[in-house]
Amino acid sequence: MTILVTGARGNVARALVGQLLDSGHEVRAAGRDPGRARLPGGVAVVAADLARPGSWDVALEGVTKAFLYAGTAGLGGFLSRAGGLTQVVLLSASGADPASADAITRAHGEAEEAVRKSGIAWTFLRPGGFAANRLLWAGSVRGGVVRDPFPSSHSALIHEADIAAVAACALTSSGHGGAAYELTGPESLTVREQASLIGRAAGRAVVVEAQDLDDYRRELTAAFEARGLGRVGSAEVIEARIRRLAALVDRPQPTTGTVREVTGRPARSFAEWAADHAGDFR
Ligand SMILES: NC(=O)c1ccc[n+]([C@@H]2O[C@H](COP(=O)([O-])OP(=O)(O)OC[C@H]3O[C@@H](n4cnc5c(N)ncnc54)[C@H](OP(=O)(O)O)[C@@H]3O)[C@@H](O)[C@H]2O)c1
């Protein structure tokens with residue numbers, strides 16, 4: 001049985017490919033830019049783009065299960081060509097709701113609706129914030145000063161390896177059909193605390209300074225564009241993100257035990273994520 005992992009360049013997809021290979025599964029990876037995917041085990045990447053549904057025919061050949069990203073407009077076209085699939089695990093987001101006024105939760109809710117309508121058995125992964133978002137700080141950590149508009153805002157960031165581990169369980173064991181898993185890291189930390197843990201892992205002192213909101217908008221737009229994120233990087237989404245972060249100032253966030261319940265292992269701490277990525281900050 002070959003499992004298709006889409007979004008080969010993504011943090012979660014990369015971790016998932018590694019975990020599936022480690023547990024002896026056959027994996028086919030697909031991405032828009034195969035040359036830029038750095039996949040474990042030298043897994044070859046098939047070129048495919050959700051914006052061009054016809055590009056999926058080769059990737060889907062002989063595949064029955066797939067891991068999918070939600071944040072793109074072409075999901076309906078992909079699903080209409082995916083007649084051989086019996087199961088989809090969709091990387092959605094916490095609070096996904098097609099009727100939401102928030103652009104991020106609405107887009108993910110619409111993606112879930114498209115998968116539900118396809119008639120293929122599904123599992124939705126609904127993580128909150130990713131620890132990997134902090135990779136945007138790499139240059140600032142090297143310079144010793146992280147700038148953020150909301151230094152006291154809280155989040156229970158999740159390690160991409162834990163999202164991948166839940167996806168791997170859903171793809172390779174029974175009992176996950178129709179489940180929507182709300183996923184978080186194991187602790188709520190402020191931006192300051194996160195920066196300090198990254199500094200400790202990277203072996204350098206890091207201070208956090210309040211950042212002007214327009215600077216933050218510019219930085220985020222450039223980062224999304226660099227990763228070719230199209231709709232995900234729209235101004236509406238960036239404003240939704242800013243409103244969310246503002247609402248989290250001095251408000252510790254709840255955590256879920258879903259990673260442990262599904263995988264049998266506790267969710268990795270932010271300190272563990274920082275240690276795993278120390279090289280990215282040096
Ligand atoms: N960041 C967060 O805090 C957060 C929180 C909750 C949910 N999420 C969800 O997780 C996603 C990001 O996950 P990540 O960090 O693993 O990814 P990432 O590193 O940000 O990469 C984005 C992924 O989207 C894929 N993609 C974008 N447009 C595509 C298209 N037209 N056709 C095919 N694939 C396309 C890319 O695949 P290619 O290899 O083709 O470039 C890439 O794998 C977000 O888009 C969102 O849906 C994120």
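Which residues does Asp49 touch, not counting residues up to four places away in sequence? In this predicted model, the residues that Asp49 touches under that condition are Arg32, Ser55 and Trp56. Asp49 itself is found in the loop that lies between strand β3, residues 45–47, and helix α2, residues 57–60. A polar atom of the Asp49 side chain lies 2.8 Å from the backbone nitrogen of Ala51. Although Asp49 is buried, it has no salt bridge; the nearest side chain of opposite charge, that of Arg52, is 4.3 Å away, and a salt bridge is counted here within 4 Å.

From this loop the reader can step back to the sheet to which β3 belongs. Seven strands form an open sheet with parallel pairing, in the order β3-β2-β1-β4-β5-β6-β9. Because β3 and β9, the latter spanning residues 180–183, stand at the edges and each have a single partner strand, one side of each is left without a neighbour in the sheet. Neighbouring strands of this sheet are turned against each other by 20° on average, direction ignored.

At the β3 edge, strand β2, residues 26–31, runs parallel to β3 and is joined to it by 3 bridges, and Ala29 stands opposite Val45 in β3. Helix α1, residues 11–22, packs on the sheet and touches β1 (2–5), β2, β4 (63–69) and β5 (87–91), with its direction making about 150° with that of β4. Helix α6, residues 160–172, also packs on the sheet, where it touches β1, β4, β5, β6 (121–127) and β9, and the direction of α6 makes about 165° with that of β5.

Notes. Residues numbered from 1 in each chain as written. Predicted model: local features only at pLDDT ≥ 70, side-chain atom pairs only at ≥ 80, totals over all residues. Heavy atoms only, no water. Helix = DSSP H or I, 4+ residues; strand = E, 2+ residues; numbered from the N terminus. Buried < 20%, exposed > 50% of the residue type's maximum accessible area, 1.4 Å probe, protein only. Lys, Arg positive; Asp, Glu negative; His and termini not counted. Polar contact = N/O pair within 3.5 Å; in protein donor to acceptor, adjacent residues only side chain to side chain. Contact = heavy atoms within 4.5 Å. Pairing = 2+ DSSP bridges. Axes fitted to C-alpha atoms, helices over the stretch in contact; angles between N-to-C directions.
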